[in-house]
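Got your viewer open and a selection box ready? Let's take a walk through this one, one selection at a time.

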Amino acid sequence: MTTKTDSSEPEAERSLIISREFDAPRELVWEAWTNPEHVKNWWGPNGFSTTTEVMDVRPGGHWKHTMHGPDGANYPNHSVFREVVKPERIVYSHGGQREGGPGVRFVSTWTFEEIAPGRTRLTLCHVFPSKAERDFTVREFGAEEGGRQCLARLADQLAKMSSAGRDLVIVREFDAPRELVFAAWTDCKHVKNWWGPKEFTAPFCRIDLRPGGTFHFCMRSPEGKEYWNRGEYHEIVAPERITATMWFSDRAGNRVDPAVYGLAPGCPSEFRDRVTFEALGPNRTRLRLHRQNLPAISDAMFDGQKQGWNQSLDRFAEVLRTNG
């Protein structure tokens with residue numbers, strides 16, 4: 001899909017820009033935008049619904065969807081993604097129309113800006129081939145007001161996603177090849193050197209790295225208090241991703257209530273984790289930890305988990321430097 005441009009007109013006169021801030025982490029906003037199961041709940045102005053045929057969010061990938069108006073009219077759309085920089089920016093070429101009516105075309109850029117922890121500014125910028133086409137789209141399709149209504153519906157969707165559970169997402173980049181990062185995450189000889197927050201130690205580690213296999217870890221505080229965890233692997237795709245469930249246990253591996261360790265009421269007894277390892281180059285890797293659908297824990301407890309993981313990943317980085 002190509003879009004010819006009248007370069008004699010300033011881009012500002014050919015652009016439609018709409019922005020909104022959300023009380024949601026950037027990773028969650030990205031998930032709501034790129035997952036068709038969420039998109040169908042908010043895409044389009046008030047009263048519209050959306051059916052997605054395909055949504056392949058990668059450079060060169062296609063997005064084919066039809067918006068259904070409250071009056072019964074259908075609006076087929078076809079976009080081709082030009083640029084996808086997760087979780088920062090999406091650029092695509094777009095063409096769409098009302099069935100039997102005139103079409104519109106533009107290049108759309110969406111930016112996802114983290115303006116504070118747990119708060120995101122989303123900005124869309126549609127650039128049309130000409131000012132006349134921009135004005136036509138605003139006049140005939142209500143594009144500006146429709147865009148604002150669309151983002152308001154996104155706010156409602158994010159609130160529903162958050163109330164269903166909070167997701168903890170941490171993304172770190174390391175100057176190390178992906179194979180080494182994966183090995184440091186899954187080999188006990190490395191794990192024992194980074195598991196746990198700052199100044200903790202990990203005196204015990206056992207890993208059976210296979211789908212259905214289990215792991216059993218212990219971390220010890222500077223005061224000597226031990227915290228045991230056990231879990232099960234659900235998916236292992238080396239060196240790309242791991243999904244697992246983890247819970248609190250005793251030394252023998254039996255499940256225990258978090259209260260055994262003096263943790264506050266409401267602390268989840270089980271966690272669902274997905275870890276991905278993305279090669280950014282021969283010696284650089286992006287690690288993404290996604291702890292999914294935490295219950296409605298307090299902000300202090302959520303922040304404590306985030307701080308603990310970041311301290312562990314600081315130690316993880318040191319392990320990579322030592323073994324690189």
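What follows is a tour of a predicted model, stop by stop.

**Stop 1: the cores**

Start with Trp-185, Trp-195, Leu-287 and Phe-316, shown as sticks. These four have the most contacts inside the largest nonpolar core, a set of 43 residues. Now colour helix α7, residues 299-323: with eight residues, α7 gives the most to this core. Apart from that core lies another one, of 34 residues. To find this other core, pick Phe-22, Met-55, Phe-81 and Tyr-92, which are among its members.

Next, centre on Trp-195. Which residues does Trp-195 touch, once those up to four places away in sequence are left out? Select Thr-201, Ala-202, Phe-217, Cys-218, Met-219, Asn-229, Met-246, Trp-309, Ser-312 and Arg-315 to see them.

**Stop 2: the closed space**

Keep Trp-185 and Trp-195 on screen and add Phe-215, Tyr-233 and Asp-273. Of the 16 residues that line the largest cavity, these five are the closest to its centre. The count of cavities of 30 Å³ or more comes to one, and about 200 Å³ of space lies in it. Which elements give two or more residues to the lining? Colour β10 (214-220), β12 (241-249), β13 (270-281) and β14 (284-294). The largest share of the lining, four residues, comes from β12. If you colour the lining by class, you get 13 nonpolar, one polar and two charged residues.

**Stop 3: the cysteines**

Select Cys-188 and Cys-205. A disulfide joins this pair, with the sulfurs 2.2 Å apart, and the disulfide count for the model comes to one. Are these two cysteines buried or exposed? Both Cys-188 and Cys-205 are buried. Check the torsion about the S-S bond: it is about -75 degrees, so this disulfide is left-handed. Zoom out a little and you'll find Cys-188 in helix α6 (residues 188-191) and Cys-205 in strand β9 (residues 201-207), so the pair ties together parts that are 17 residues apart in sequence.

Now for two cysteines to compare with that pair. Why is there no bond between Cys-218 and its closest cysteine sulfur? That closest sulfur belongs to Cys-205 and sits 11 Å away, which is too far for a bond, given that a disulfide needs sulfurs within 2.5 Å. Cys-218 has a relative accessible area of 1%, so it counts as buried. Move on to Cys-150, whose sulfur is 16 Å from the closest cysteine sulfur, in Cys-125, again too far for a bond. Cys-150 is buried too, at a relative accessible area of 6%.

**Stop 4: the second largest pocket**

Select Pro-45, Met-67, Asn-77, Phe-141 and Ala-143. Of the 31 residues that line the second largest pocket, these are the closest to its centre. How much space lies in this pocket? About 630 Å³. For the walls, colour the strands β1 (15-22), β3 (62-68), β4 (74-85), β5 (89-97), β6 (103-116) and β7 (119-127), then the helices α3 (131-141) and α4 (143-163); each supplies at least two lining residues. By class, the lining of the second largest pocket has 18 nonpolar, 11 polar and two charged residues.

**Stop 5: a covered helix**

Select residues 26-34, helix α1. Seven of the nine residues in α1 are buried, which makes this helix mostly covered. Which ones are they? Glu-27, Leu-28, Val-29, Trp-30, Ala-32, Trp-33 and Thr-34.

**Stop 6: backbone oddities**

Time to drop the side chains and look at torsions. Most residues other than glycine have a negative phi, and most peptide bonds are trans.

With that in mind, go to Lys-86 and Pro-87: the peptide bond between them is cis, with omega near -5 degrees. Pro-87 lies in the loop between β4 and β5. For another cis peptide bond, jump to Ala-238 and Pro-239, where omega is about -5 degrees. Pro-239 lies in the loop between β11 (226-237) and β12.

Finish on Glu-199, in the loop between α6 and β9. Glu-199 has a positive phi of about 75 degrees although it is not a glycine. Turn on the surface here: is Glu-199 buried or exposed? At 59% relative accessibility, Glu-199 counts as exposed, because the cut-off is over 50%.

Technical notes: Residues are numbered from 1 along each chain as its sequence is written. This is a predicted model: local features need pLDDT of at least 70, side-chain atom pairs count only at pLDDT 80 or more; totals for chains, interfaces and linings use all residues. Side-chain values use heavy atoms; hydrogens and water are left out. A nonpolar core is a set of buried Ala, Val, Leu, Ile, Met, Phe, Trp, Tyr and Cys residues joined through side-chain atoms within 4.5 Å. Buried means under 20% relative accessible area, exposed over 50%, partly exposed in between (1.4 Å probe, protein chains only). Contact means heavy atoms within 4.5 Å. On a 1 Å grid over the protein atoms alone, a cavity is a set of points where a 1.4 Å probe fits but cannot get out, and a pocket is an open set with protein on both sides within 12 Å along at least five of seven lines; lining residues have an atom within 4 Å of a point. Grid points are joined across faces, edges and corners, and a volume is the space filled by probe spheres set on the points. Ala, Val, Leu, Ile, Met, Phe, Trp, Tyr, Cys and Pro count as nonpolar, Asp, Glu, Lys and Arg as charged, and the others, Gly among them, as polar.
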